[in-house]
Amino acid sequence: MFLKLFLVMVLLSYLALMSLILGHRFLPSARNTVPLPRKDTAFDGSTELIVELENVGKSFDYPVLKGVSFKLRQGETLGVLGKSGSGKSVTLKLIAGLLKPDVGRILFHGKDITGMNERELLELRKRVSYVFQGGAVFDFLNVGENIAYPLRERGMKDEKKIKERVDYLLAAVELGNMGDLQKPELSIGAKKQVAIARAIANDPEVILYDEPTTGIDPLVKKSVNRLIRKLNEQEHLTSIVVTHDLKCIEMVADRIIMLKDGVIHFEGDQEAFHSSPDPYIQAFIAGKRFDEDRRQDPEVRIQESEDQRQETGDRRDQNRE
Ligand SMILES: Nc1ncnc2c1ncn2[C@@H]1O[C@H](COP(=O)(O)OP(=O)(O)OP(=O)(O)O)[C@@H](O)[C@H]1O
Ligand SMILES: [Mg+2]
C-alpha cells in the first residue's frame with residue numbers, strides 16, 4: 001500500500017517537474033504573451049475632416065499612386081502601411097505640399113492645397129508638420145537650438161520665451177536636460193526625439209511621421225511609440241504615421257490603411273486588419289514577404305536562378321550516372 005502511494009507520488013513529482021521544464025522550454029515567455037498596450041485613444045470619434053485625399057495620382061518613372069482616396073478626422077491617428085516603394089512617403093509629401101499630385105485633390109479643412117502658391121504653402125506647413133524619414137537634425141546646431149530653429153524662423157524673438165518653449169518641448173519628448181548636446185553625441189533614437197520636438201515646436205494641427213521607429217533598437221522604439229501616443233493625447237494632435245513597424249501601428253493607430261500597387265489595398269481598424277483573411281495582409285502580419293514581393297526582389301531572383309541551375313546540374317549528373 002505504502003509502496004503504491006510512494007510510487008504514485010514519485011510519478012506525480014516527475015510529471016510536475018517535466019511540465020515545468022517543458023513549459024519553460026517550449027511555451028512563449030510571459031513577456032511575449034502580454035499583449036502590447038493598445039492605443040488608449042484620445043480620438044473621440046469626431047467627424048470633422050482635417051485632411052481629405054480624392055483620387056490622388058502621382059507618377060515618377062512609373063505610376064506610384066493611381067487614385068488614392070482617404071479621410072483624416074480631427075484627433076485621429078492614421079497608420080499607413082505598405083512595402084518599400086509603395087508610395088507612403090510620397091503620400092505624406094503630397095499632404096505637406098512638398099509635392100504636387102498629377103491628378104486628384106488634397107483638401108485641408110476643405111480647401112484644396114494643390115493650387116496653392118508658395119506663400120500659402122508656407123502657411124500650410126506651419127499647420128501640417130512633417131517628421132522626415134531620416135530625422136533631419138541640423139549638424140551645426142545643438143539639440144536646444146535645433147528645437148528653437150522653427151520658433152526663430154516663425155519670428156519669435158523673446159529669448160526667455162524661446163527657452164521656456166524649448167525646455168517644455170525637451171521635457172515633452174523625454175530629452176530632459178540634453179539641450180546642450182551636439183548631433184554626433186546623439187543616438188539614432190534621440191535624433192528622432194529631437195526631430196519630433198522640432199516638428200511640434202510651432203503647435204501644428206497635424207503631424208506626419210515618416211518611419212519614426214526605423215533603425216532604432218526595440219527599447220527606444222517602444223519609448224518613441226509611447227511618445228507619439230502621448231503627444232497625440234496631450235497636444236491633441238491629428239496624425240499620420242507611416243511605418244513598416246506593426247508594433248508601432250498597434251500602439252498608436254486608430255485606423256489603418258495599406259498601400260499596394262498604387263491603390264488602397266486595405267482600410268479599417270486594428271481588429272479588421274488583424275482578422276483579415278487577405279493572404280497579403282496575413283503575410284505582412286506574420287512578418288513574411290508575400291511571394292509576389294519576393295519575386296520582385298533582385299537578390300531573391302539571383303538566388304532562385306542559382307538554385308534552378310544547381311537543380312538542373314544535379315539532374316544532368318543523375319542522368320549521366
Ligand atoms: N522625387 C522623386 N523623384 C523620382 N522618383 C521618386 C521621387 N520620390 C519618390 N519616388 C519614387 O516613388 C516610389 C515611391 O517612393 P516612396 O518614397 O513613397 O516609397 P515608400 O513607400 O515611402 O518606401 P520606403 O518604405 O522604402 O520608405 C519609389 O519608387 C521612389 O523611387
Ligand atoms: Mg518612405
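Just after helix α8 in this predicted model, histidine 236 adopts a positive phi of about 55°. Most residues other than glycine have a negative phi, and a few further positions join histidine 236 in departing from that habit. Asparagine 55, although not a glycine, has a positive phi of about 45° and is found within strand β1, residues 49-59. Asparagine 55 is partly exposed, with 13 other C-beta atoms within 10 Å. Aspartate 203 is likewise not a glycine and shows a positive phi of about 50°; its place is the loop between α7 and β7. With 12 C-beta neighbours inside 10 Å, aspartate 203 counts as exposed. Aspartate 261 can be added here, with a positive phi of about 50° in the turn between β9 and β10.

The helix that precedes histidine 236 deserves a look of its own. At 1.5 Å a residue, the 17 residues of α8 should span 24 Å, and the end C-alpha atoms are indeed 24 Å apart. The buried residues of α8 are Lys221, Val224, Asn225, Leu227, Ile228, Arg229, Leu231 and Asn232, a list that takes in charged and polar residues alongside nonpolar ones. An α-helix has 3.6 residues a turn, so residues three or four places apart point the same way. The cover over the buried residues of α8 includes the strands β3 (77-81), β7 and β8 (238-242), together with the helices α6, α7 and α9 (246-252).

Helix α7, one of the elements covering α8, can be described in similar terms. Its 13 residues, 188-200, should span 18 Å at 1.5 Å a residue, and the end C-alpha atoms lie 19 Å apart, which agrees. Buried positions in α7 are Ala190, Lys192, Gln193, Val194, Ala195, Ile196, Ala197, Arg198 and Ala199. Among the elements that cover them are β6 (128-131), α5 (143-154), α6 (159-172), β7 (206-210) and α8 (218-234). Alanine 197 illustrates this packing: leaving aside residues up to four places away in sequence, it touches Ile147, Leu169, Leu170, Ala172, Val173 and Leu175.

In soluble globular proteins, nonpolar side chains tend to be buried together. The largest nonpolar core here has 64 residues, of which Ile147, Val194, Ala197, Leu208 and Val241 touch the most other members. Helix α7 gives the most to this core, with 6 residues. For the protein as a whole, buried residues make up 31% of the 321 residues, and the secondary structure comprises 13 helices and 10 strands. Of the contacts with a separation of 6 or more, 66% are between residues 24 or more positions apart.

Turning to the strands, β6 is covered on both faces: Val128 and Tyr130 on one side, and Ser129 and Val131 on the other, are all buried. Strand β6 runs parallel to β7, to which 4 bridges join it, and valine 131 stands opposite tyrosine 209 of β7. Strand β9 has a comparable setting. All 6 of the 6 residues of β9 (255-260) are buried, so the strand is largely enclosed by the rest of the structure. Arg255, Ile257 and Leu259 occupy one of its covered faces, and Ile256, Met258 and Lys260 the other. Strand β9 pairs with β3 in the parallel sense over 4 bridges, one bridge pair being glycine 79 and isoleucine 256. Strand β9 also pairs with β10 (263-268), here in the antiparallel sense over 5 bridges, and leucine 259 stands opposite isoleucine 264 in β10. The two strands β9 and β10 form a hairpin with 2 residues between them.

Elsewhere, an open sheet of 4 strands follows the order β2-β1-β4-β5, with antiparallel pairing. Strands β2 (63-73) and β5 (111-112) stand at the edges with a single partner strand each, so one side of each is left without a neighbour in the sheet. Strand β4 (103-108) meets β5 over 2 antiparallel bridges, and leucine 107 has aspartate 112 as its bridge partner.

Finally, ligand 1 is surrounded by Phe60, Val64, Gly82, Ser84, Gly85, Ser86, Gly87, Lys88, Ser89, Val90 and Gln133. Helix α3 (88-95) gives the most to this shell, with 3 residues. By residue type, the shell divides into 3 nonpolar, 7 polar and 1 charged.

Methods. Residues are numbered from 1 along each chain as its sequence is written. Chains are lettered from A and ligands numbered from 1 in the order in which they are written. This is a predicted model: local features need pLDDT of at least 70, side-chain atom pairs count only at pLDDT 80 or more; totals for chains, interfaces and linings use all residues. The expected span of a helix is 1.5 Å times one less than its number of residues. A residue is buried if 20 or more other C-beta atoms lie within 10 Å of its own, exposed if 12 or fewer, and partly exposed in between; C-beta atoms are placed from the backbone. Two residues are in contact if their C-beta atoms, placed from the backbone, lie within 7 Å. A nonpolar core is a set of buried Ala, Val, Leu, Ile, Met, Phe, Trp, Tyr and Cys residues joined through C-beta atoms within 7 Å. Two strands pair if DSSP finds at least two bridges between them. A residue is near a molecule or strand if its C-beta atom, placed from the backbone, lies within 6 Å of it.
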